[in-house]
Every structure is written in structure tokens, then in C-alpha cells.
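Got a few minutes to go through a model with me? I'll ask, you answer.

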Amino acid sequence: MSGADTQLQPRKSGLSRRQKRAVSRGVQYVVFVAAVIAFAMLADWGQLKNQFAQWDLVKQMFPDVITLALKNTVLYTMSGFVVGLVLGMVIALMRLSSVGPYRWLAGIYIEIFRGLPALLIFVFVGVAVPLAFPGTEIPGGTYGKVALALGLVSAAYMAETIRAGIQAVPKGQMEAARSLGFSHARAMVSIIIPQAFRIVIPPLTNELVLLFKDSSLVLFLGVTLEERELTKFGRDLASQTANSTPILVAGLCYLLVTVPLGFVVRRLEAKAGEATK
């Protein structure tokens with residue numbers, strides 16, 4: 001090809017991939033900044049301050065919002081988590097059982113309680129159980145009812161998580177344990193299940209975060225003043241004062257627990273990812 005022909009060829013124009021990505025990021029930053037500025041200019045900050053930032057109301061909520069509402073929320077969550085973990089372990093082992101009816105019952109339970117809204121489970125525990133078993137009281141009063149309701153909801157999810165963790169343990173672990181004289185049950189308890197729990201700790205911690213938020217449904221069971229959790233506590237004060245500041249404070253209290261737990265979940269997932277490399 002002659003030099004004249006080379007000069008007549010059009011030069012390649014346009015941006016490289018790296019430059020296109022840089023331009024795309026720049027456009028996204030501009031759009032984000034523009035949206036923030038528009039929100040700041042259009043929002044009625046005076047009305048927001050009046051409805052959500054009344055310092056006098058904030059001071060009235062303490063220390064009860066911590067010593068009563070947050071404490072009850074944590075108690076409800078932990079009791080529900082324990083019930084769900086125990087029940088979920090039983091259901092997970094039933095799912096892995098060689099006995100057909102056990103597998104069918106576990107599968108039916110999981111499908112039902114994963115498909116129903118948590119609110120309906122609370123209504124079922126608060127209304128249907130007393131009607132089905134007249135004169136029967138759930139131990140622990142409201143705390144027992146919440147533990148049962150949250151446990152029934154979370155057990156379906158935990159069961160599938162634990163089952164996946166057990167199946168993720170290499171089969172050679174069971175074979176090695178049996179070759180050493182372990183029975184199947186002892187090998188599961190001593191070898192397989194501990195390894196499975198190390199695998200499923202991150203998703204179980206994430207389930208704890210979800211339970212902490214679901215504990216707000218306790219208000220549908222009818223609670224006394226001393227049994228109120230964060231949402232009920234904030235709603236009652238908001239109704240009394242005709243102001244939404246208590247709702248905001250209750251939301252911040254939720255974040256006080258869920259944000260650190262979310263950080264723990266990410267750290268555990270990162271460590272689990274490093275361990276598998």
C-alpha cells in the first residue's frame with residue numbers, strides 16, 4: 001500500500017473503553033449531585049424539622065426508649081431466634097432423613113411458612129392457638145407468644161440454610177468418621193453439624209437482622225405498656241404528641257443494632273470467602 005493510500009484512510013476516532021467508563025462515572029456523579037441539590041432546594045426543611053426533629057420530644061423518650069422499648073425488642077428477637085434455630089435444625093435433619101414421611105412433613109412446613117406473611121403467623125399464634133386449644137396458655141405470656149411466632153417464621157428459612165450447610169460439608173468427612181467407629185448420629189453431632197454451622201453463620205446472622213425488624217409485629221398480639229417494643233413505643237408517643245419525632249428516634253434505635261450486625265455479616269462473608277480460596 002502506497003503512502004498516498006495510507007494518508008487517504010480515515011483515522012480512527014472515538015474514546016477508548018477506559019475513557020468511556022470515566023465519562024460514564026462522571027455523568028453518574030453529576031446526576032447524583034444534581035439530585036441532591038434539587039432535593040435540598042425543594043424540600044421544606046421547616047416542616048421536616050417541626051415533624052421529625054423536636055428535641056424536647058427526644059429528651060422525653062429517654063431512658064425508656066432504651067431501657068424498655070429497645071430491651072424488649074432485643075429480648076423478642078433473641079427468644080425468636082433461639083426457637084427458630086432449634087426448630088430449624090430439627091426440620092433440616094428431617095429434610096435430610098431417609099424416612100419419606102419426615103422429608104414430606106419438613107417440605108410442607110417449609111413451603112407453608114415461607115409463603116405466609118409474618119403478620120399472619122402472629123395473628124395465628126395470638127388468635128387461632130387459643131381457639132384451637134381452649135384453656136391452654138403459651139408459657140411466658142407475650143414473650144412466649146412472640147418467641148413462638150418469630151420462631152415459626154424463621155425456622156423455615158433457617159432449616160433450608162442449615163440443610164445447605166450440612167450438604168456443603170464434604171462427604172468424605174462422614175465416611176472418615178464412620179471408618180473410625182462413629183455412628184451416623186454421633187458423626188452428625190460431633191463432625192458434620194459443627195462444620196456446617198461455620199459455613200452458615202453469615203446467613204444465620206442475616207436472619208437475626210430480619211427477625212429484629214419483624215419483632216415490630218408484636219403490636220398485633222396486644223401488649224401492655226411494659227411489653228412495648230420500639231415500633232409500638234414510637235407510635236404511641238407519636239399519637240400522643242401529634243408529632244413524628246418518636247417514629248424517627250425509634251428508627252434510629254433499629255439502625256443502632258442492624259447496622260453493626262450488617263457489618264458483622266459482611267465481615268463473616270468476607271472471611272468465609274477467603275477460607276474457600
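What follows is a set of questions and replies about this model.

Me: Before we start, what kind of model is this, and how are residues numbered?
Reply: It's a predicted model, where local features need pLDDT of at least 70, side-chain atom pairs count only at pLDDT 80 or more, and totals for chains, interfaces and linings use all residues. Side-chain values use heavy atoms, with hydrogens and water left out, and residues are numbered along each chain as its sequence is written, starting from 1.

Me: Which helix has the lowest confidence in the chain?
Reply: The score here is pLDDT, the predictor's confidence in each residue, from 0 to 100. The chain averages 86, and 93% of the residues score at least 70. Helices are DSSP runs (H or I, at least four residues), numbered from the N terminus. Confidence peaks in helix H5 (residues 64-95) at a mean of 94, and the lowest mean, 52, belongs to helix H1 (residues 3-8).

Me: What should I do with the coordinates where pLDDT is low?
Reply: The chain has such a spot to think about, with helix H1 at a mean of 52. Where pLDDT is low, the predicted coordinates should not be read in detail.

Me: How many salt bridges does the structure hold?
Reply: To count, a side-chain nitrogen of Lys or Arg has to sit within 4 Å of a carboxyl oxygen of Asp or Glu. Asp 56 and Lys 59 make one of them, with the closest N and O atoms 3.9 Å apart. The total is six.

Me: Why are Asp 56 and Lys 59 separated by about one helical turn?
Reply: Both belong to helix H4 (residues 55-61). They are about one turn apart because three residues separate them in that helix. As for Lys 59, its relative accessible area is 48%, and partly exposed means between buried (under 20%) and exposed (over 50%), using a 1.4 Å probe and protein chains only. So Lys 59 is partly exposed.

Me: Which residue is linked with Glu 160 and Arg 163 in a network of salt bridges?
Reply: Glu 160 and Arg 163 are three residues apart in helix H8 (residues 142-168), and their closest N and O atoms are 3.1 Å apart. Glu 160 counts as buried at 15% relative accessibility, and Arg 163 is buried too, at 18%. The network that links this pair also includes Arg 95.

Me: Is Asp 236 buried or exposed?
Reply: Asp 236 meets Lys 232 in a salt bridge, at 3.4 Å from N to O. The two are four residues apart in helix H11 (residues 230-241). Lys 232 is partly exposed at 24%, whereas Asp 236, at 18%, is buried.

Me: How far apart are the C-alpha atoms of Val 146 and Leu 221?
Reply: Val 146 lies in helix H8 and counts as buried at 0% relative accessibility. Not counting residues up to four places away in sequence, Val 146 touches Tyr 76, Phe 122, Gly 151, Val 218 and Leu 221, where a contact means heavy atoms within 4.5 Å. Val 146 and Leu 221 are 75 residues apart along the chain, yet the C-alpha separation is 8.2 Å.

Me: Which helix gives the most to the lining of the largest pocket?
Reply: A pocket is an open set of points on a 1 Å grid over the protein atoms alone, where a 1.4 Å probe fits, with protein on both sides within 12 Å along at least five of seven lines; lining residues have an atom within 4 Å of a point. The largest one is lined by 15 residues, and those nearest its centre are Ile 166, Met 174, His 184, Met 188 and Ile 192. H8, helix H9 (171-179) and helix H10 (184-214) each supply at least two lining residues. With six residues, the top contributor is H10.

Me: Which residue does a cis peptide bond join to Phe 62?
Reply: Most peptide bonds are trans. Here omega is about 5° for the bond in question. The partner, found in the loop between H4 and H5, is Pro 63.

Me: What is the phi of Ala 242?
Reply: Ala 242 sits in the loop between H11 and helix H12 (245-275) and counts as exposed at 62% relative accessibility. Most residues other than glycine have a negative phi. For Ala 242 the value is positive, near 55°.
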